[in-house]
Amino acid sequence: MLANQLARRGVRMRIIDRHPGPARESRALGVQARTLEIYSHLGIADQAVALGKKADGAVLWAQGRRAARVPLGDIGRDVSPYPYLLVLGQDDNERLLGDALRARGFAVEWSTELVGLAQDTDHVTATLKNPDDSTSEVTVPWLAGCDGARSSVRELSGIAFEGAPYQHVFFVADVQMTGSMAPDLLNVYLWRTGFHLLFPMRGTDHWRIVGILPPNLRGRDDLTFEDTIPSLRHEAGAELSFQACNWYSTYRIHHRRAARFHDRRCFLLGDAAHIHSPVGGQGMNTGLQDAYNLAWKLALVVSGRAGAALVHSYEEERLPVANHLLKRTDRFFSLVVSDSWLAGLVRTRVMPKVMGLALRTAGVQRIAFRTISQTGIRYRNSPLSEALAGLPEDGPRAGDRFPWLRLKFAPSGPTEDLYGRLDDTRFNLLVIGQASPPGGVPELAELLRIHEVPRDPVNDRELVRAHIPWPSFYLLRPDGHVGLAGTRLDAGAVTQYASERLHLDLNGA
Ligand SMILES: Cc1cc2nc3c(=O)[nH]c(=O)nc-3n(C[C@H](O)[C@H](O)[C@H](O)COP(=O)(O)OP(=O)(O)OC[C@H]3O[C@@H](n4cnc5c(N)ncnc54)[C@H](O)[C@@H]3O)c2cc1C
């Protein structure tokens, strides 16, 4: 993702990986709405959707009985063009991203390992072990560690990875099976001593099962899928029938966060920066969005259009996101795996009832969708977020992902998908119910696209729904988050924001 985003912005780079080729295991499964929005700018969303399986909700089972339904599709219809969880394996995601990267003229150099690094004030010297076992040194201005939980970049930089392992062991199985599961939905089975998640996969009767090993199987290292079948039947129904198991694996998980995501000329992204329980399907998505956050900033700095201070906001924005995610997944995970009698009771009796009731409330539905889909991630406390006076509290604020709207950009023009119109390699200025400055904002020149939103009944309806007042303006960063927002547009405020907050060099733009 980072390489793709940098390539689109004209940055030269090398991508190395110590493995001989792409991983074959599917690992992460859920692609969230926010990731699909980013994929659409990359031109791979349609392919991903065609390859995957849409789960437009989840069904909660408690002690073998259907207890609640989470209707993601209904809840998210006005929030994102992708109101569902797309079930698509990490291997397929990596292949799509790899194809997109090759189409841009770059490829991963496999069997090439980072074995040493030394930082200077304006460059990093990396020592690489090449496919023929020779070593070489390469000097680069920046280095991004997208190198997983055992990150060499993190370890060679001496950055602590604070946290702990969970005592539970997960298993994952890719099976052909029939049973009580609701088709095309994520089925969550809660039981006194554990849980199972069943993801619908492409193809007939194809499911991916993720769960924790039941107590009687823990500590064994010769397990096969057959060993877990009795506990599965116990939870998900005796009528479960298995035709085939294509893949079975067990793994231990940790919850940890790097003490820093940025050290001088090096960055940490994805699992190198944070790891947590896979419950909630957030891990891969969070890593992809780390990259989307860093790429536009790094590209502006590399091209000399912004001062190096701009990249400090990567850690300032993404570290709190990781903190929040770790806290949330840890709390939820502790509840769904705890062996205590009380937690078992909460899991099987209290949780399904409370969730069933709460999810009938529109407000709770909205929060649930925004949290799971990652469309609610925001950077309100970031140094890049500036709100001028006069905007309502319940509308989009500086730092928020600007909402997905369908708008008319000319009085007699068609209604268009705003996200389709935004250029994510530039800043986008939405000028609502007022004229844009004659001559635009010349200091930002090619870095900015201006979109006027005229008064119109269609626009009125959409803006009222999103609590956006007339007149107003929103300067969106390339990643679609609001940078500067206010009511009456003043081009001077935009240039001041660009130079003071974004550290843009306005003479060179
Ligand atoms: C069995 C399994 C099931 C999972 N299920 C889920 C799930 O359901 N949902 C979910 O969200 N997440 C899940 N995860 C986690 C998810 O796979 C990770 O969050 C994701 O892979 C992180 O991506 P990444 O690119 O940050 O790191 P990785 O995928 O680990 O990639 C790191 C890359 O860096 C390379 N590398 C490492 N060190 C060096 C070096 N020194 N030099 C050169 N290259 C190096 C490695 O070869 C590797 O290719 C699962 C993981 C596993 C193992």
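Okay, here's one to start us off: which atom of the ligand has a backbone N or O atom of Leu114 at 2.9 Å? It's a nitrogen atom. Keep in mind as we go that this is a predicted model.

Let's stay with the ligand for a bit. On its own, the ligand would expose 1,000 Å², and the protein buries 80% of that. Two elements each give two or more residues to the shell around the ligand, namely β8 and α8, the helix at 283-302. There are 22 residues around the ligand, and the ones that come nearest are Asp17, Gln90, Leu114, Ser152 and Asp271. If you sort the shell by character, you get 7 nonpolar, 9 polar and 6 charged residues.

Leu114 uses its backbone, but side chains reach the ligand too. Asp17 has a polar side-chain atom 2.6 Å from an oxygen atom of the ligand. And for His19, an N or O atom in the side chain sits 3.0 Å from a ligand oxygen.

Now let's move over to α13, which spans 457-465. Which residues of α13 are buried? They're Val458, Asn459, Glu462 and Leu463. These four cover an arc of only 120° around the axis, so they sit on the same side of α13. Why might a spacing like that work? An α-helix has 3.6 residues a turn, so residues three or four places apart point the same way.

And what's on the face turned away from that buried side? There you find the exposed residues Pro457, Arg461 and Val464. As for what covers the buried residues of α13, the list includes four strands: β21 at 406-408, β22 at 415-417, β23 at 427-432 and β24 at 448-453.

Have a look at the two ends of this helix as well. At the start of α13, Asp456 has a side-chain oxygen that reaches to within 2.7 Å of the backbone nitrogen of Val458. At the other end, α13 is followed by His467, with a positive phi near 60°.

His467 is a nice one to pause on, as it has that positive phi although it is not a glycine. You'll find His467 in the loop between α13 and β25. Is His467 buried, exposed or partly exposed? Partly exposed, with a relative accessible area of 38%.

Further along, Pro471 is in the loop between α13 and β25, the strand at 472-476. The peptide bond going from Trp470 into Pro471 is cis, and its omega is near -20°.

There's another non-glycine residue with a positive phi to show you: Ser111, at about 50°. Ser111 is placed in the loop between β7, which is 108-109, and β8, which is 113-119. Ser111 is partly exposed, with a relative accessible area of 27%. And β8 should ring a bell, as it's one of the elements giving two or more residues to the ligand's shell.

Last stop, a different serine: Ser231, in helix α7, residues 225-236. Ser231 has a relative accessible area of 16%, and the cut-off for buried is under 20%, so Ser231 counts as buried. Where does its side chain go? The side chain of Ser231 reaches the backbone oxygen of Thr228, at 3.2 Å. Leaving out residues up to four places away in sequence, Ser231 touches His196 and Pro214.

That's my tour, thanks for listening!

Key. Residues numbered from 1 in each chain as written. Predicted model: local features only at pLDDT ≥ 70, side-chain atom pairs only at ≥ 80, totals over all residues. Heavy atoms only, no water. Buried < 20%, exposed > 50% of the residue type's maximum accessible area, 1.4 Å probe, protein only. Near = heavy atom within 4 Å. Polar contact = N/O pair within 3.5 Å; in protein donor to acceptor, adjacent residues only side chain to side chain. Areas by Shrake-Rupley, 256 points an atom, 1.4 Å probe, with all protein chains shown as cover. Nonpolar A, V, L, I, M, F, W, Y, C, P; charged D, E, K, R; others polar. Arc of directions from axis to C-beta. Contact = heavy atoms within 4.5 Å.
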